[in-house]
Amino acid sequence: MQKQQQWDTTWLLFARMMADRHSKCASKSVACVIVKDEKPISIGINGTPSQHVNCNEIYLKQAGVLYKASIDEVKDTESVLHNGRMFYRCTNQEEHHEWSKLNEIHAEINALGKLAADSTSARHATAYVTHSPCHACSLALIASKIDRVVYSTGYEYGDGLTLMRQSGIEVIHRPLTEEYFLERIFDKDL
Ligand SMILES: [Zn+2]
Ligand SMILES: [Zn+2]
């Protein structure tokens, strides 16, 4: 059991790192790592399909405030210069959420989609996700016959956890605590 917990934390940290370093969503960095027989078989990150414009080329989120890129000056609006682009504060702070629903693929769907493209089964695998899966992703995880779902952070939109548990999936919330990182730093002979 302790070994399982240690591996769970390892894969969650891996997912966390993939999300933080590679997600191009301006609002949330999510990753899903699917592990089967102790091997990672797929990695999904939230974002637009390849060839499409990335979320962070349109939107910027700073200190919880949403901004949108514009070539033309938007008068009397708070602006931020970021990576050589001008971003202006969105009047509708929910704008990204609406845009994201239409344009961004969730990490779990990206991970399952990659497996489908290779005709590889996720049956009996574990999905490690940085955030608790939303309703639609939970349905996809159920359909893929995954055995376990381990996540580290709660997610505010939708909750498919009950749905997954009702379908016999073992759902585990394992927060990545700050103590864990500090412990690691002080453990090491740097
Ligand atoms: Zn986004
Ligand atoms: Zn989702």
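**Note on the sheet and its helices**

1. β1 and β7 pair in the antiparallel sense, over 4 bridges. Within this pairing, Val-33 stands opposite Tyr-128 in β7. Bear in mind that the model is predicted.

2. On to the rest of the sheet. It is open and has 5 strands, in the order β2-β1-β7-β8-β9, with mixed pairing. β2 (39-45) and β9 (170-173) stand at the edges; each has a single partner strand, so one side of each lacks a neighbour in the sheet. From one strand to the next, the twist averages 20°.

3. Next, the pairing of β1 with β2. β1 covers residues 31-36 and runs antiparallel to β2, joined by 6 bridges. One register point: Ala-31 has Ile-45 in β2 as its bridge partner.

4. Helix α1 (residues 2-22) packs on this sheet. Its contacts take in β1, β2, β7 (126-131), β8 (148-153) and β9. The direction of α1 makes about 145° with that of β1.

5. How many residues of β7 are buried? The count is 6 of 6, so the strand is mostly covered. β7 runs parallel to β8, and 5 bridges join the two. Here His-131 stands opposite Thr-153 in β8.

6. Now helix α5 (residues 135-143). Its buried residues include Cys-137, Ser-138, Ala-140 and Leu-141. These four cover an arc of only 160° around the axis, which puts them on the same side of α5. The general rule for such spacing: an α-helix has 3.6 residues a turn, so residues three or four places apart point the same way.

7. What covers the buried residues of α5? The cover includes α4 (107-117), β7, β8 and α6 (161-166). Strand β7 thus has two roles in this note: it pairs with β1, and it is part of the cover over α5.

8. The α4 and α5 pair deserves a look. Their axes come within 9 Å and cross at roughly 25°. Angles under 35 degrees count as roughly parallel, so α4 is roughly parallel to α5. The crossing, as α4 passes α5, is left-handed. At the contact, Glu-108, Ile-109 and Leu-112 in α4 meet Cys-137, Ala-140 and Leu-141 in α5. Those three α5 residues are also among the buried ones.

9. A last backbone detail. Just after α5, Lys-145 takes a positive phi of about 65°.

Technical notes:
Residues are numbered from 1 along each chain as its sequence is written. Chains are lettered from A and ligands numbered from 1 in the order in which they are written. This is a predicted model: local features need pLDDT of at least 70, side-chain atom pairs count only at pLDDT 80 or more; totals for chains, interfaces and linings use all residues. Two strands pair if DSSP finds at least two bridges between them. Axes are lines fitted to C-alpha atoms, for helices over the stretch in contact, and angles run from 0 to 180 degrees between N-to-C directions. Two residues are in contact if their C-beta atoms, placed from the backbone, lie within 7 Å. A residue is buried if 20 or more other C-beta atoms lie within 10 Å of its own, exposed if 12 or fewer, and partly exposed in between; C-beta atoms are placed from the backbone. The arc is that of the directions from the helix axis to the C-beta atoms. Angles under 35 degrees count as roughly parallel, over 145 as roughly antiparallel, 65 to 115 as roughly perpendicular and the rest as oblique. A crossing is left-handed if the near helix is turned anticlockwise from the far one by less than a right angle, and right-handed if clockwise.
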